[in-house]
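Notebook open, coffee poured. I wanted to go through this one piece by piece and write down what I looked up.

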Amino acid sequence: MLDWPNIEGAVVKSGTPISRDGKVANDETAVGILVHDAIFVNSPMHVNNPSAVLIEGIVDLEGAEADCGLAISDAAKAAMKG
């Protein structure tokens, strides 16, 4: 689950590096890449959509960076080399 209280905004875009504790992590704490956009819904009638994080596999780095709008750091790449 994403750590929404510590995430700025209501959407985390696909391609964003994520840490084990559900935070956006463009650093050495990254464990994977968010597979789909995650949208926070603050309503008792809705459940926040589950967030899938790719832990092992092949990622199109240019596509991921274009989707999430940030350059994935060398530290994050090294941490996610699986």
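My entries below cover the sheet, then the pocket, then the aromatic rings.

**Entry 1: the sheet**

I reminded myself before starting that this is a predicted model. I went to the strands and asked in what order they sit in the open sheet. I found 3 strands in the order β2-β3-β5, with antiparallel pairing.

Next I checked the edges. β2, residues 17-19, and β5 each have a single partner strand, so each has one side without a neighbour in the sheet.

Then I looked at how the strands are joined. I counted 3 bridges between β2 and β3, which run antiparallel. For β3, residues 30-34, and β5, I noted 2 bridges, again in the antiparallel sense.

I also wanted to know which residues face each other across the strands. I33 in β3 has P17 opposite, and I33 also stands opposite L54 in β5.

Is β3 enclosed or open to the outside? I got 4 of its 5 residues as buried, so β3 is largely enclosed by the rest of the structure.

**Entry 2: the pocket**

I moved on to empty space. How much of it lies in the largest pocket? I noted about 240 Å³.

I listed the lining next and got 13 residues. Those nearest the pocket centre are I33, G57, V59, K77 and M80. I recognised I33 from the sheet entry, where I had it opposite L54.

Sorting the lining by class gave me 7 nonpolar, 3 polar and 3 charged residues.

**Entry 3: the aromatic rings**

Last, I went looking for ring pairs. How many aromatic pairs are there? My count came to 1 aromatic pair. The partners are W4 and F40, with 5.4 Å centre to centre and 45 degrees between the planes, and the pair is tilted.

I then placed both rings along the chain. W4 is in the segment before β1 (11-12), and F40 is in the loop between β4 (38-39) and β5 (53-54). They are 36 residues apart, so I wrote this down as a pair that links distant parts of the chain.

Are the two rings' residues buried or exposed? I have W4 as buried, because its relative accessibility is 12% and the cut-off is under 20%. F40 came out partly exposed, at a relative accessible area of 31%.

Conventions. Residues are numbered from 1 along each chain as its sequence is written. This is a predicted model: local features need pLDDT of at least 70, side-chain atom pairs count only at pLDDT 80 or more; totals for chains, interfaces and linings use all residues. Side-chain values use heavy atoms; hydrogens and water are left out. Rings of Phe, Tyr and Trp (its six-membered ring) pair if their centres lie within 6.5 Å; planes under 30 degrees apart count as stacked, over 60 as edge-to-face and the rest as tilted. Buried means under 20% relative accessible area, exposed over 50%, partly exposed in between (1.4 Å probe, protein chains only). Two strands pair if DSSP finds at least two bridges between them. On a 1 Å grid over the protein atoms alone, a cavity is a set of points where a 1.4 Å probe fits but cannot get out, and a pocket is an open set with protein on both sides within 12 Å along at least five of seven lines; lining residues have an atom within 4 Å of a point. Grid points are joined across faces, edges and corners, and a volume is the space filled by probe spheres set on the points. Ala, Val, Leu, Ile, Met, Phe, Trp, Tyr, Cys and Pro count as nonpolar, Asp, Glu, Lys and Arg as charged, and the others, Gly among them, as polar.
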